[in-house]
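Hi,

Here is the structure I promised to pass on. Have a look through it first, and then read my notes underneath.

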Amino acid sequence: MSNTEEQTQTTPIAVKFIEPEDIHVAASLLFQAYRDDPLLVHILNEPNQSKYDAKLRALVRQELTRFGKSGQPILGIYIDENLVAVACAFASHCEIDKSFGWHWRFTLMMGAGVLQTQQIIEKERAIKAQLRDLGEYYFLSFIAVDPHYQGLGYGHYLLSALDSLVSENDFMSGMAVFVTQGNQVNFFEAHGYQLVKEITFKSVSGDLLFKPRTDDLEKAL
């Protein structure tokens, strides 16, 4: 038995929607995970590291706020009641610039910048345009695992939980995600995600991936 298997079998693990008091922990995990994301680095366009960090923190806070206020799922993995991994997904019918109102846009503009906010909106619109034939689906916006717990399979726990989220909603066709780094592509492909299209947005290329609902896959086998 591997060390990973030993830890996951002996450690009490809970996968659930995160508690409100853990939003700050979730924000910290996401900040660490996306600090070097090529697309966010390009969109935020801030050479000063401290100012870049401030913009990224503002972006993460506002994204978590809009997920929470709109009731979109934020799943977490808890070990001994400590949040160690998080994933945020939103339903495709949620329009970023309509459903979340002027307050979200204004606050994000103040923290990240006007142009940056517009580019974030344009990115989501461009991705949705490529997925318009899939009906209703979930889009995985963020996923992060505490650096101290990486390599132990908790990311795959999260993806399995997202499979269940899709399966529990009969009108959802599957889960989509946009990734900009090769190791991320391998991670998602290992869990059954398939390439839809390579997209270049603001000179940054990435792969748009999609996984059909698991129960549909099982019926097809």
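Below is what turned up, going from confidence to the empty spaces and then to one helix and the loop after it.

Keep in mind that this is a predicted model. The mean pLDDT of the protein is 81, with 79% of residues at 70 or more. Confidence peaks in helix H2 (residues 23-34), where the mean is 95, and bottoms out in helix H6 (residues 101-112), with a mean of 44. Residues 1-8 also sit below 50, and that stretch has 12 contacts in the model beyond near neighbours in sequence. Residues 217-221 stay under 50 too, and there the model has one contact beyond four places in sequence. I'd read anything involving those parts with that in mind.

On the overall fold: there are 10 helices and seven strands. The protein has 221 residues, and 48% of them count as buried. Looking at contacts with a separation of 6 or more, 72% are between residues 24 or more positions apart.

Now the pocket. The largest one holds about 870 Å³ of space. Its lining runs to 39 residues, and those nearest the centre are Ala33, Tyr34, Ile143, Ala144 and Gln184. Which element gives the most to this lining? That would be strand E4, with seven residues. Several other elements supply at least two residues each, including H2, helix H3 (38-44), helix H4 (49-70), helix H7 (114-130) and helix H9 (182-189). By class, the lining splits into 23 nonpolar, 11 polar and five charged residues.

There are enclosed spaces as well: a search of the whole structure finds two cavities of 30 Å³ or more. The largest cavity has about 50 Å³ of space. Its lining is made up of Leu162, Asp163, Val166, Met175, Tyr193, Lys211, Pro212, Arg213 and Thr214. Helix H8 and strand E7 (204-212) are the elements that give two or more residues to that lining, and H8 has the largest share, with three. Five of the lining residues are nonpolar, one is polar and three are charged.

The second largest cavity comes in at about 40 Å³. Around it you'll find Phe90, Glu124, Ile127, Lys128, Tyr137 and Phe139. H7 gives the most here, with three residues. This lining has four nonpolar and two charged residues, and no polar ones.

H4, one of the helices that supply the pocket lining, is worth a look in its own right. Its 22 residues should span 32 Å at 1.5 Å a residue, and the end C-alpha atoms are 31 Å apart, so the two values agree. Its buried residues include Leu56, Leu59, Val60, Leu64 and Phe67, but also Asp53, Lys55, Glu63 and Arg66.

Right after H4 comes Gly71, which has a positive phi, near 75 degrees. Then there is Gln72, in the loop between H4 and strand E2 (74-79). Is Gln72 buried or exposed? It counts as buried, because its relative accessibility is 12%, under the 20% cut-off. Leaving aside residues up to four places away in sequence, Gln72 touches Phe67, Ala89, Phe90, Ala91 and Cys94. Two of these names come up elsewhere: Phe67 is among the buried residues of H4, and Phe90 is one of the residues lining the second largest cavity.

That's everything from my side for now.

Cheers

Definitions and conventions:
Residues numbered from 1 in each chain as written. Predicted model: local features only at pLDDT ≥ 70, side-chain atom pairs only at ≥ 80, totals over all residues. Heavy atoms only, no water. pLDDT = per-residue confidence, 0-100. Helix = DSSP H or I, 4+ residues; strand = E, 2+ residues; numbered from the N terminus. Contact = heavy atoms within 4.5 Å. 1 Å grid on protein atoms, 1.4 Å probe; cavity = no way out; pocket = protein on both sides within 12 Å on 5 of 7 lines; lining within 4 Å. Points joined across faces, edges and corners; volume = space filled by probe spheres on them. Nonpolar A, V, L, I, M, F, W, Y, C, P; charged D, E, K, R; others polar. Expected span 1.5 Å × (residues − 1). Buried < 20%, exposed > 50% of the residue type's maximum accessible area, 1.4 Å probe, protein only.
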